[in-house]
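Let's take a friendly walk through a protein structure together. Keep the sequence and the 3D view side by side as you read.

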Amino acid sequence: MKRRPGPDDPAKPKRSAYDKALGLLARREHSRKELKTKLRQGGYEGEETTDAIDRLGEQHYQDDDRFAEVLLRSRISQGYGPMRLRVELKSHGLADARIRELMDEAEVDWDTSAAAQLRRRYGCAGTSDPAERNRRAQFLLRRGFAAATVRRVTHADVDEAADDIS
């Protein structure tokens, strides 16, 4: 019975850092920082990693701006707030100025997005119960919405419930 060659098999030549990174980019966009981390974990050395990532950038296979735009659109559609998005983009090595530009370009109504998340999670029924309102506020805060947005949306929720009673 034949064995499949494993990653440590001496008969199988090791892929170059460029090939490995290109394979990663074929699956999805990656930030420069993320590629560097994955290549180092794969046993590739510093200069080989840097050269491979630089080459991919020159060939327009890897672009931090494109990665950030894709990530931002994805996370906004998943219902995450601006605070969480900023932290995630920062963790991928993007500059604060570029993050601000991307957030401004996104032109998202965060109040509407937060209200949509509340409706998705808790339904259309409002609540006047302070404990339930606090639970809903904590949910929005964990998703990365600003405290002012959470306050506006959860108080609007109470105001709508009071209007339904009248």
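Start at Glu107, which is exposed, with a relative accessible area of 71%; exposed means over 50% relative accessible area, buried means under 20%, and partly exposed is in between, with a 1.4 Å probe and protein chains only. You will find Glu107 in the loop between α6 and α7. Its phi is near 45 degrees, a positive value in a residue other than glycine. His60 also has a positive phi, of about 65 degrees, although it is not a glycine. His60 sits in the loop between α3 and α4 and is exposed, with a relative accessible area of 62%.

A few ground rules will help. This is a predicted model, in which local features need pLDDT of at least 70 and side-chain atom pairs count only at pLDDT 80 or more, while totals for chains, interfaces and linings use all residues. Residues are numbered from 1 along each chain as its sequence is written, and side-chain values use heavy atoms, with hydrogens and water left out.

Now zoom out. The protein chain has nine helices and zero strands; helices here are DSSP runs (H or I) of at least four residues, strands are runs (E) of at least two, and both are numbered from the N terminus. Along the sequence, the pattern reads α-α-α-α-α-α-α-α-α. Of the 166 residues in the protein chain, 34% are buried. How many of the contacts between residues at least 6 apart in sequence join residues at least 24 apart? The share is 59%, where contact means heavy atoms within 4.5 Å.

Let's begin at helix α1, residues 17–27, where Ala17, Tyr18, Ala21, Gly23, Leu24 and Leu25 are buried. The cover over these buried residues includes α2 and α3. Those two helices meet each other as well: the axes of α2 (residues 32–41) and α3 (residues 46–58) come within 10 Å and cross at roughly 140 degrees. This makes α2 oblique to α3. To read such angles, note that axes are lines fitted to C-alpha atoms, for helices over the stretch in contact, and that angles run from 0 to 180 degrees between N-to-C directions. Under 35 degrees counts as roughly parallel, over 145 as roughly antiparallel, 65 to 115 as roughly perpendicular, and the rest as oblique.

The crossing of α2 past α3 is right-handed, meaning that the near helix is turned clockwise from the far one by less than a right angle; anticlockwise would be left-handed. At this crossing, Arg32, Leu35, Lys36, Leu39 and Arg40 of α2 meet Gly46, Thr49, Thr50, Ile53 and Asp54 of α3. Together, the residues of this contact are three nonpolar, three polar and four charged. Here Ala, Val, Leu, Ile, Met, Phe, Trp, Tyr, Cys and Pro count as nonpolar, Asp, Glu, Lys and Arg as charged, and the others, Gly among them, as polar.

Just before α2, look for Glu29 in the loop between α1 and α2. At 22% relative accessibility, Glu29 is partly exposed. Glu29 and Leu71 are 42 residues apart in sequence, yet 8.6 Å apart in space, C-alpha to C-alpha. Beyond residues up to four places away in sequence, Glu29 touches Glu34, Tyr61, Asp63, Arg66, Phe67 and Val70. Its partner Glu34 belongs to helix α2. Is Glu34 buried or exposed? Glu34 is buried, with a relative accessible area of 16%.

Next, the interior. In soluble globular proteins, nonpolar side chains tend to be buried together. In this model, the largest nonpolar core has 21 residues, and those with the most contacts inside it are Leu72, Leu85, Leu89, Met103, Leu140, Phe145 and Val153. Such a core is a set of buried Ala, Val, Leu, Ile, Met, Phe, Trp, Tyr and Cys residues joined through side-chain atoms within 4.5 Å. The elements giving two or more residues to this core are α4 (64–77), α5 (82–91), α6 (96–106), α7 (110–122), α8 (130–142) and α9 (147–165). A second, separate core of 11 residues includes Leu25, Leu39, Tyr44 and Ile53.

Finally, find α7 and α8, which pack at an angle of about 120 degrees with their axes 10 Å apart. That makes α7 oblique to α8.
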